[in-house]
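User: I have a structure open and a few questions about it. Can you take me through some of its features?

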Amino acid sequence: MELFLVISFIFLLVLSVPIGIVVLATTAGAVYFFLGMPLTTLVQQLFNGLDNFLLLAIPFFILAGNIMAEGRIATVLVEAMKALTGRIPGGLAISGLLTCMFFAAISGSSPATVIAIGGIMIPALVKAGYDEKFSIGLLTSAGTLGILIPPSIPMVLYAMVGDTSVSDMFMAGIVPGILRVVFFGVYAMVLAKRFGWSAKTVYSFRDTIRIFGQATWGLLMPIIVLGGIYSGIFTPTEAAGVSVIYALFVEMVIYKSMNLAKFKKVLVQSAILSSALLFIIACAMPFIWLLTREQLPMQAAEFIGSIVSNKYVFLMLVNILLLFIGCVMDIVAAILVLTPIFKPMLAMFGIDPVMFGIIMICNVELGFLTFPFGLNLFVSMGLTKKPLTYIAAAVLPFLGMCGICLLLVTYIPWLSLWLPNFLK
């Protein structure tokens, strides 16, 4: 059965069958041919997989992100970050980075971050004299902060499948996310000094106060969402609902940038994306049930334990595997399929599941920047009208920096575990 699962999975994937169908068809074949069970069992598991209160957070976070991308919060945040960094070399690029970080903390989506911030900042950087390829690469890569800086939809999925705390996962992503911002920011400053990308934007004190006053509503959102979760005021799912209400209030009442026509468009976009994600999740749940029933993860753990005795070697092998998987598989499917397989191995090697979750997120998020499932690449293509090869070449230096950050997170557990442990 194990051989059938592997061969059928790879065969269907090569045929470009949608990943949800791949997982469900592979599971159905194994259940029918090897277990002799009725296929109605899969229907039960499909229902059980979606019968989870935590999953409500996904459509809510998607809706909140789309409301802010369609409204004015993103624009106001950009102006605030310009006022903060306008005086330093490479300040405009760094303002784009910081805006991506803050928008990631209120959207939870990597493509939404690229659309909302990249659509504003890429033309602004090019107009200010920054190299076009650098500008596209920076904002396309910075969009990956959308799933590393909390709240993050993939973190919710990992916590659900890996049986870990959502709030701990959210807190664990903050320091690695900031680390990535520092790497990108230093790189931007070095290139700005080297090539004379001055383009400094200087605001008066009065203008700075005015701009930050307008941006306060957007800057408060991550504090409300994350503060509410970690203080115990509301659950992650309730926090997602609060984010929708807050975003709607700010855009409709404060900024007056959201009318009923725009809101209808946002609802349709959010419903389509949420349905696609939940379909993949539903299809993956019978596969997870099959793995658990047949104890395949335990067998894999025992096999790996027999050939690898050092946890650092294990982590390196996992990184190599996840980097490959992230290039050929959708991030949602990768988390849902691989987490149950790796879970038994963590106790064997004494690896904290929260830290491993961040390692997994860091790995598979690189799939947003690589062929053939590089969603950020395709989003950036739509924004800039550039060919895919051009976008891929633009993100290469940033992929290298992401790789360095990945190694640091892998072998320095403090980076991901300090904040969750400190707040306990």
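Analyst: We can go through aromatic rings, a cavity, one helix residue and two loop residues.

User: What should I know before we start?

Analyst: This is a predicted model, where local features need pLDDT of at least 70, side-chain atom pairs count only at pLDDT 80 or more, and totals for chains, interfaces and linings use all residues. Residues are numbered from 1 along each chain as its sequence is written, and side-chain values use heavy atoms, with hydrogens and water left out.

User: ok, rings. How many aromatic pairs are there in the whole structure?

Analyst: The search finds 14 aromatic pairs. Rings of Phe, Tyr and Trp (its six-membered ring) pair if their centres lie within 6.5 Å; planes under 30 degrees apart are stacked, over 60 edge-to-face, and the rest tilted. One of the pairs is Phe4 with Phe34, which is tilted because the planes are at 50°, with ring centres 5.4 Å apart. This pair links distant parts of the chain, 30 residues apart: Phe4 is in helix α1 (residues 2–14) and Phe34 in helix α2 (residues 19–35). Helices here are DSSP runs of H or I with at least four residues, numbered from the N terminus.

User: Are Phe4 and Phe34 buried or exposed?

Analyst: In between. Phe4 has a relative accessible area of 25%, so Phe4 is partly exposed, and Phe34 is partly exposed at 43%. The cut-offs are under 20% for buried, over 50% for exposed, and partly exposed in between (1.4 Å probe, protein chains only).

User: And what about Tyr187 and Phe398, what kind of pair is that?

Analyst: Tyr187 and Phe398 are edge-to-face, with 90° between the planes and 5.4 Å centre to centre. They also link distant parts of the chain, 211 residues apart, with Tyr187 in helix α12 (residues 174–195) and Phe398 in helix α21 (residues 388–411). Phe398 is buried at 1%, whereas Tyr187 is partly exposed at 26%. Both belong to a cluster linked by ring pairs, together with Tyr130, Phe134 and Phe184.

User: Which charges lie over the face of Tyr390?

Analyst: Lys133 lies over the ring face at 5.0 Å from the centre, and Lys386 does so at 5.2 Å. The rule is that NZ of Lys or CZ of Arg is within 6 Å of the ring centre and within 35 degrees of the ring normal.

User: New topic. Where is Gln45, and what does it touch?

Analyst: Gln45 is in helix α3 (residues 40–50). Gln45 has a relative accessible area of 15%, so it is buried. Apart from neighbours within four places in sequence, Gln45 is in contact (heavy atoms within 4.5 Å) with Met285, Pro286 and Trp289.

User: Last thing, the loops. Which residue between α10 and α11 has a positive phi?

Analyst: Asp163, with phi near 55°, a positive value in a residue other than glycine. Asp163 lies in the loop between α10 and α11 (166–172), and is exposed at 62% relative accessible area.

User: And what is phi for Lys256?

Analyst: Lys256 also has a positive phi, about 55°, although it is not a glycine. Lys256 is in the loop between α14 (236–254) and α15 (260–293), and counts as exposed at 66% relative accessibility.

User: You mentioned a cavity. Which helix gives the most to its lining?

Analyst: For the largest cavity, α18 gives the most, with four residues. The lining includes Thr339, Phe342 and Lys343. A cavity is a set of points on a 1 Å grid over the protein atoms alone where a 1.4 Å probe fits but cannot get out, and lining residues have an atom within 4 Å of a point.

Methods: Helix = DSSP H or I, 4+ residues; strand = E, 2+ residues; numbered from the N terminus. 1 Å grid on protein atoms, 1.4 Å probe; cavity = no way out; pocket = protein on both sides within 12 Å on 5 of 7 lines; lining within 4 Å.
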